[in-house]
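Me: I am new to this structure and would like a close look at one part of it, the surroundings of the ligand. Please take me through that site carefully, and then place it in the protein as a whole.

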Amino acid sequence: MNSVLVASNRGPVSFTVDADGVLTMKRGGGGLVSGLSAVVRDRDVLWICAALSDGDRSAVRQAPGGRLDHAGYDTGPLRMLDIPPATFHRAYNAVANSTLWFVNHLLYDIPNAPLFGTRFFREWESYRDYNGAFALALAEEAAHDARVMVQDYHLTLTPAMLRAERPDLRIAHFSHTPWAPPEYFSLLPDEVAREVLEGILGADHAGFLTERWAQAFMDCCAHLLKAEVSGDTVTHEGRTTSIGVYGLGVDGDALWARAREPDVESHMAAIREQVGDRRLIVRIDRTELSKNIVRGLMAYREFLDSHPEWHGRVVHLAFAYPSRHDLPEYREYTAAVQRSAKAIEDEYATEDWDPLILNVNDDYPRSLAAYRLADVLLVNPIRDGMNLVAKEGPILSPRCALVLSREAGAAAELGADAIVVNPYDIGETARALHEALTMDERERVRRAANLRKAATALPPERWFAAQLAAL
Ligand code: G6P
């Protein structure tokens, strides 16, 4: 039995299985996993996550009670849930990623989507089952009075389900995404919107990355549930949930220690070899609709167009690693990113100058190398819960100028020392790239120091401890 538990869809590790059935373990990606991994491990917290792939499923099936640490893997206490693949697929792809993610990031092409018919309600049923499987596992593993930290939009129903099962527990929910304003959130069928909100309100404490997302959640509760919102509490049907804001930051020392390792250094040498002494504009993202990569490339193109004096003197390193490729929108988006990159190549590349290096394979040490070499970091999401790239960059590059979307949660903390842009305005973004490249050396160093301070203000350890304390 455990006294502190964490539940999330993606766990700290994932497995691939080769033709001979040999399993290889790899670290998971994304903001949630980077925030939680070290903390959970150091504190001996039990982490419950879902098996995401065939590799994960074969690993779980060989582990007693789904405990990968008991099967000899060096993961820290970790239980993976082997949810039936079809149920998992509908819950993760259809509901979590195609619906709740789209709503909270305002991603719909409204004249055509969303569409809620019979098919959706079948998918919704699977989302309930999937949330139920987490609630059951948590109820089994939690000691009396334990504290349980449920993560993200995949698991909005779990808090209320778990409370029904185990009223003795203290439950928190944390959203790593933005939250939509009520008029957009109510695109969801009324009963679904209600169930999501009431699911989270099943927790004692609901956490968000910024004031803005917390406020949007409370607005949804007030408008759609007629809940009573007062200060930082929401009262609904006799129960009160407190709301907290925890701006997840980065453990700067740990990041630096990793970024000084030889594999990173050799990637730095390779990049230097490739680009020479040209200035570097860097971006690092999952290939994710909300990250606005295509408009970022269009802005770079506009910048090259209006500043011929930079031709041959600057290179844009764009790392967009694969994500959610089961969804057609993401496959199409990856193709659109590649088309935009090709257009830039076709128009501007010369015999001895590659204006853009687009890389679509995940390579963590290479990303760290790019951060270290960046003169400019471009972070221009349409909407983002926080965006840790914006925080990692200035930690690793002491003279990096940050071009940052005002719609990223990180803008609340970093805006004062970044060049803030409207992510839809590629003209403004192009001008910001120019401003960032030409920023005076003293000014860029001064701003980077402030950014670094803000980025490390609430490292994962303290972020986690603060939420535990709130329970
Ligand atoms: C965001 C979400 C996380 C998610 C991550 C990666 O950061 O808030 O919950 O794990 O993206 O997405 P994926 O679908 O690959 O887990």
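Reply: What follows describes the shell around the ligand and then turns to the protein that holds it. Please keep in mind that this is a predicted model. The residues that surround the ligand are Arg10, Gly31, Leu32, Tyr92, Asn97, Trp101, Asp152, His154, His176, Arg286 and Arg324, and by class this shell has 3 nonpolar, 4 polar and 4 charged residues.

Three of these side chains can be followed to the oxygen atoms of the ligand: a side-chain N or O atom of Asp152 is 2.4 Å from a ligand oxygen, one of Arg10 is 2.7 Å from a ligand oxygen, and a polar side-chain atom of Arg286 lies 3.2 Å from a ligand oxygen. Taken alone the ligand exposes 370 Å², and 92% of that is buried by the protein. Two elements, helix H1 (31-42) and helix H3 (85-104), each give two or more residues to the shell, with H3 supplying the largest share, 3 residues.

As for the protein as a whole, there are 18 helices and 17 strands, and of its 471 residues 58% count as buried. The radius of gyration is 22 Å, which agrees with the value near 23 Å that a compact globule of 471 residues would have, while the C-alpha trace spans about 65 × 50 × 45 Å along its principal axes. Among contacts between residues at least 6 apart in sequence, 76% join residues at least 24 apart. The protein exposes about 18,700 Å², of which carbon and sulfur atoms supply 50%.

How values were computed. Residues are numbered from 1 along each chain as its sequence is written. This is a predicted model: local features need pLDDT of at least 70, side-chain atom pairs count only at pLDDT 80 or more; totals for chains, interfaces and linings use all residues. Side-chain values use heavy atoms; hydrogens and water are left out. A residue is near a molecule or strand if one of its heavy atoms lies within 4 Å of it. A polar contact is a pair of N or O atoms within 3.5 Å; within protein, one must be able to donate a hydrogen and the other to accept it, and residues adjacent in sequence count only if both atoms are side-chain atoms. Accessible areas come from the Shrake-Rupley method with a 1.4 Å probe; for residues, only the protein chains shown count as cover. Helices (H or I, at least four residues) and strands (E, at least two) are DSSP runs, numbered from the N terminus. Ala, Val, Leu, Ile, Met, Phe, Trp, Tyr, Cys and Pro count as nonpolar, Asp, Glu, Lys and Arg as charged, and the others, Gly among them, as polar. The radius of gyration is taken over C-alpha atoms; the globule rule is 2.2 Å times the number of residues to the power 0.38. Buried means under 20% relative accessible area, exposed over 50%, partly exposed in between (1.4 Å probe, protein chains only). Contact means heavy atoms within 4.5 Å.
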